[in-house]
Amino acid sequence: MLYRRLGNSELNVSEIGLGSWLTYGVSVERDRANACVRRAFDLGINFFDTANMYGKGAAESLLGELLSPYRREDYILATKVFHPMSKTDFGLSREQIHKQIDASLKRLKTDYVDLYQCHRYDHDTPLEETMEALSEVVASGKARHIGFSEWSPRRIRAADAFRDQIRFVSSQPQYSMLYRKCEREVFAMCRRRGIGQIVWSPLAQGVLTGKYAPGTRPPEDSRAANRKIDRFTRKPVLQAVQKLLPIAERLSLSMPQLALAWVLDKKTVSSAIIGASRPEQIEQNAAAVGVELDSGTLAEIDDVLDGLVRK
Ligand SMILES: NC(=O)c1ccc[n+]([C@@H]2O[C@H](COP(=O)([O-])OP(=O)(O)OC[C@H]3O[C@@H](n4cnc5c(N)ncnc54)[C@H](OP(=O)(O)O)[C@@H]3O)[C@@H](O)[C@H]2O)c1
């Protein structure tokens, strides 16, 4: 495993991080989730991402239990706040931030998270109130650093203008070969501000593993067999992904390794947060670390995906 510094923080996160959306505490049973966490540790993965709303607290609860045998200083734990936990509990007000961090810590069985992230922007709470509350959470020692997910450039700039408040060290955007919106503005403006990228769905929810052949039913037990994974399963996208397979083969890589090496090629990315329903997937994906892609290969990938990438 290799590690990269997360923005201006002192956190050294593994280039592959392990997330828990739709998996642990939700669709992946406990023993298999435990095997995934153990394999992640064995492979040197030290970065675990979750959110209060994943399984309405169930992901945090299971992760808290599965991480409890490990020394707290040996892993970097990130969670998030914003999405509804009940009809009255949502958003980024001072009251909610304090209430939700306490609930998350209890479920995660720890005194602090390394990274507390705003899952989205809250248009109903003054930004100053949110930044003050996040500063209080860090001052209390319940979180070491703060981050945001999918905030617009305008909001990132506005948060940065509060000079007396705690600064963000991380941004969590969707980013993959197929989804590159954050390349437009967010990457550069974050780099200037010492904010690192920890990107989600780097495999486009599994589509970039090449396992979804166009015109056939998704493999049983795969995510697409159980839920709609929107635009990524359109036929032209699946056909293009099949055309990437020979490129991966030529480089002696599996398709997920090629997709993750592509993401990690961007040095502004601190970690690619994968999901995994089986430990073997983590093993295969972790082998993308250290793979260098030359400019010819990057151009070839762009040609194959021409017209299909969300930019
Ligand atoms: N900030 C946000 O708003 C936001 C949103 C979404 C996610 N996230 C974070 O990002 C994490 C990753 O998102 P994601 O789960 O969509 O990521 P992903 O890595 O793009 O997709 C993960 C899924 O692909 C399949 N897969 C992974 N490796 C594979 C392999 N080697 N071979 C075959 N299939 C493989 C597995 O699903 P199956 O085996 O079930 O097919 C796995 O659960 C989440 O857990 C969460 O922590 C954040």
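**Close-up views of a predicted model**

**View 1. Meet Tyr116 and the residues it touches.** Leaving aside neighbours within four places in sequence, Tyr116 is in contact with Thr79, Val81, Ile101, Leu134, Val137, Ala143 and Ile146. Keep in mind as you look around that this is a predicted model.

**View 2. Tyr116 belongs to the largest nonpolar core.** This core has 86 residues. Those that touch the most other members are Tyr116, Leu208, Ala259, Val263 and Ala272. Helix H9, residues 255–264, gives the core its largest share, with 8 residues. In soluble globular proteins, nonpolar side chains tend to be buried together.

**View 3. Strand S7 lies beside strand S8, and a helix comes between them along the chain.** S7 covers residues 143–148 and pairs with S8 in the parallel sense, over 3 bridges. To find one spot on this pairing, look for Gly147, which stands opposite Ser170 in S8. Together with helix H5, residues 153–160, the strands S7 and S8 form a right-handed β-α-β unit.

**View 4. Strand S8 also pairs with strand S9.** S8 spans residues 168–171, runs parallel to S9 and is joined to S9 by 2 bridges. Here Ser171 sits opposite Gln197 in S9. Another right-handed β-α-β unit is made by S8, helix H6 (residues 186–192) and S9.

**View 5. Strand S9 is covered on both faces.** How many of the residues of S9 are buried? The strand takes in residues 196–200, and 5 of its 5 residues are buried. On one side you will find Gly196, Ile198 and Trp200, while Gln197 and Val199 are on the other.

**View 6. Strand S9 pairs with strand S10 as well.** These two strands run in the parallel sense, with 4 bridges between them. A good place to start is Ile198, whose bridge partner in S10 is Ser271.

**View 7. A shell of residues surrounds the ligand.** There are 29 residues around the ligand, and Gly19, Trp200, Leu203, Gly206 and Gly275 come nearest. You have already met Trp200 as one of the buried residues of S9. Strand S10 (269–274) and helix H10 (279–286) each supply at least two residues of the shell. Which of the helices and strands gives the largest share of the shell? That is H10, with 3 residues. Sorted by class, the shell holds 9 nonpolar, 16 polar and 4 charged residues.

Note on methods:
Residues are numbered from 1 along each chain as its sequence is written. This is a predicted model: local features need pLDDT of at least 70, side-chain atom pairs count only at pLDDT 80 or more; totals for chains, interfaces and linings use all residues. A residue is near a molecule or strand if its C-beta atom, placed from the backbone, lies within 6 Å of it. Ala, Val, Leu, Ile, Met, Phe, Trp, Tyr, Cys and Pro count as nonpolar, Asp, Glu, Lys and Arg as charged, and the others, Gly among them, as polar. A nonpolar core is a set of buried Ala, Val, Leu, Ile, Met, Phe, Trp, Tyr and Cys residues joined through C-beta atoms within 7 Å. A residue is buried if 20 or more other C-beta atoms lie within 10 Å of its own, exposed if 12 or fewer, and partly exposed in between; C-beta atoms are placed from the backbone. Two residues are in contact if their C-beta atoms, placed from the backbone, lie within 7 Å. Two strands pair if DSSP finds at least two bridges between them. A crossover is right-handed if, with the strands pointing away from the viewer, the path from the first strand over the helix to the second runs clockwise.
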